[in-house]
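Work through the following exercises with the model open beside you, and try each task before reading its solution.

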Amino acid sequence: MQKPVIDETKLPEVKKIIYDADSILSELYCAENDGLRKELEELQSRLRALTGNQNIQIKDYWHYDEAVSLDTAARGALMHPPAKEEVTDEQIRDIVVHILEHDEAEMDWWLLYLEVNTGLDNLTDYIFYPDLAGLDGDPSLEEIAEKIIEDRALPCT
């Protein structure tokens, strides 16, 4: 089973790239500037080279600080997106039961992993808003895991 991996040695540079890009994007929003646009393209190339993810978009980090810390944004950038694989019921239980033990970036990765591998696009609802996923009261993480396993088996309509 895949696991999120972060190369801590790259973290300071990725943080600087995201921070600088956020500033440049804000300036470009106010006025077009070829020099800033070129600088942003260079940051995009550096970010892709550092992360090894050729699909990562620097513009996705504009205003990152409205949702997460710089550290969380950079850690998330350094984790490769999860791929689809065969995941067992026991693996789902284990991920859900331990999901809150991870830092924010890793927890987000595991939520995305579960989305990709269960086909449930509202996975965060199960964990953080269980009533929206059809669970009553204050369910345990074990009960949430069972509901995810049950719902992933439902055919798409």
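**Exercise 1.** Against which helices do the buried residues of α5 pack?

The model is a predicted one, in which local features need pLDDT of at least 70 and side-chain atom pairs count only at pLDDT 80 or more, while totals for chains, interfaces and linings use all residues. Residues are numbered from 1 along each chain as its sequence is written, and side-chain values use heavy atoms, leaving out hydrogens and water.

Step one is to list the buried residues of α5 (buried meaning under 20% relative accessible area with a 1.4 Å probe, protein chains only), which are A105, M107, W109, W110, L111, Y113, L114, N117 and T118. Step two is to follow their contacts (heavy atoms within 4.5 Å), which lead to α3 (70–78), α4 (89–98), α6 (123–128) and α7 (141–152).

**Exercise 2.** Check the length of helix α5 and describe what lies at its two ends.

With 15 residues (104–118) at 1.5 Å a residue, counting one less than the number of residues, α5 should span 21 Å, and because its end C-alpha atoms are 21 Å apart, the two values agree. At the N-terminal end, D103 acts as a cap, with a side-chain oxygen 3.1 Å from the backbone nitrogen of A105. After α5 comes G119, whose phi is positive, near 80°.

**Exercise 3.** Is T72 buried or exposed, and which residues does T72 touch?

T72, a residue of helix α3, counts as buried because its relative accessibility is 12%. Leaving aside residues up to four places away in sequence, T72 touches E104 and A105.

Conventions: Helices (H or I, at least four residues) and strands (E, at least two) are DSSP runs, numbered from the N terminus. Buried means under 20% relative accessible area, exposed over 50%, partly exposed in between (1.4 Å probe, protein chains only). A polar contact is a pair of N or O atoms within 3.5 Å; within protein, one must be able to donate a hydrogen and the other to accept it, and residues adjacent in sequence count only if both atoms are side-chain atoms.
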